[in-house]
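Me: Could you take a close look at one part of this model for me? Keep it casual, but give me the cut-offs.

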Amino acid sequence: MSINRHMYQLGAKRNIMREIFEYGKKRAEIVGPENVLDFSLGNPSVPPPAKVNDTIRAVLSGPLSDSVHAYTSAQGDAEVRAALAASLRRRFGAKCGPEHLYLTVGAAAALCSCLFGLACPGDEFIVIVPYFTEYKVFIDGTGAATVEVPAKEGTFDLDLEALDQAINRHTKGIILNSPNNPSGVVYPAETLTALGDLLRRKSAQFADPIYLISDEPYREVVYEGVTVPWIPAYYENTLVCYSYSKCLSLPGERIGYVLVPPSMEDHQTVYAAVGGAGRSLGYINAPSLFQHVAAACDGETADLSVYQTNRNLLYEGLTGMGYTCVRPDGTFYLMVKAPEPDAEAFCRRAMARDLLLAPTDTFGLPGYVRIAFCVDTEKVRKALPVFRELAEEYGL
Ligand code: PLP
């Protein structure tokens, strides 16, 4: 049989997080779902805000009811893009119009449209370790190389010296993800200012722009008044990849966008390449009904307060037991150092007690586990004594 081996391997390959998730579903049939403490996947646990369903009902019964299921313009409905651009101008002082937005099937498609639109033979894209596993899959698809640059040990902030070393004349771009999956870190303004300076200097040195691809599906999922800096304000050659999956709890509906701001050099050409990539990847257009939901609900969030409660309970509980944790300022992930070098072995011990965690090896960083705390607080309360038992077993 002659098929694409790379694609075969992607489809057949073991994805440990999915495996743990499937295991959890099987265990739930045996011991009851309330007894499976599943912290493996980043599936939002809170319902979307009421405005989502109100908008759907209004669109389906209003003047658009006949046309809403039709194809839209490839880049997204013009009125939807105008509404989103107005929202970005209002909320972030962004200098953009509808002609700078390209609606996508979530952040994943936004990232692919940018990467495929930019990549040329021999190019490299930098990712910051630990990183969302799919970045490498997306970059591999373009034929470009993935270059892993570690974040700073301990704080997981950007290591600008390491970035300085890694950037070379083949570097086409850097994927930045703040708030970060899996570390929960939000990069501060000072880091972004220094990053902007570094990228300007390197772009001038190699006489070619180095693009920042800012992956922002967790932009609104932040704690205690933390705000996420608007990245294009720090570096002009930034493409923003946004998604409504996490803030509106709509991951299955697949809606997001790419912003190619007019501050970017040759922004019209880049915008056309992003759209061309979307065309080549067969995206056609983002889901029409949910384009309207995005326009009406941009800036709204689901009630995210449960994540704050869970973050506090877990961070304080686990550090009190002797675990070393990275304090998340955003996202619904908490990274904990495994109490033995083999994080998978620690996860197996936890799994034997129906506590399901993800080792961060697949995020490029061995030795940690990721706790996805987008669950009912009751599950967090049930999990804490299990973490304590494990801490005692390991003698923390
Ligand atoms: N980027 C990061 C960092 C993510 O964690 C995820 C999903 O978990 C995505 C992108 C993909 O999001 P979407 O559902 O919008 O495609």
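Which residues form a nonpolar patch on the surface, and how much accessible area do they have together?

Reply: Quick ground rules: it's a predicted model, where local features need pLDDT of at least 70 and side-chain atom pairs pLDDT 80 or more, while totals for chains, interfaces and linings use all residues. Numbering runs from 1 along each chain as its sequence is written, and side-chain values use heavy atoms, without hydrogens or water.

Your patch is M1, I3 and Y8, with about 390 Å² of accessible area together (Shrake-Rupley, 1.4 Å probe, only the protein chains shown as cover). Patch members have over 30% relative accessible area and no salt bridge; nonpolar side chains (Val, Leu, Ile, Met, Phe, Trp, Tyr) are joined within 5 Å, like charges within 9 Å. A salt bridge puts a Lys or Arg side-chain nitrogen within 4 Å of an Asp or Glu carboxyl oxygen.

I3 sits in the segment before α1 (5–12); helices are DSSP H or I runs of at least four residues, strands E runs of at least two, numbered from the N terminus. I3 counts as partly exposed because its relative accessibility is 40% (buried is under 20%, exposed over 50%, partly exposed in between).

For contrast, try V336 in strand β10 (residues 333–337): with 1% relative accessibility, V336 counts as buried. Leaving out residues up to four places away in sequence, V336 touches L318, Y323, T324, C325, G367, Y368, V369 and I371, contact being heavy atoms within 4.5 Å. One of those partners, L318, is itself among the buried residues of α11, and the buried residues of that helix pack against β10, among other elements.

Methods. Buried < 20%, exposed > 50% of the residue type's maximum accessible area, 1.4 Å probe, protein only.
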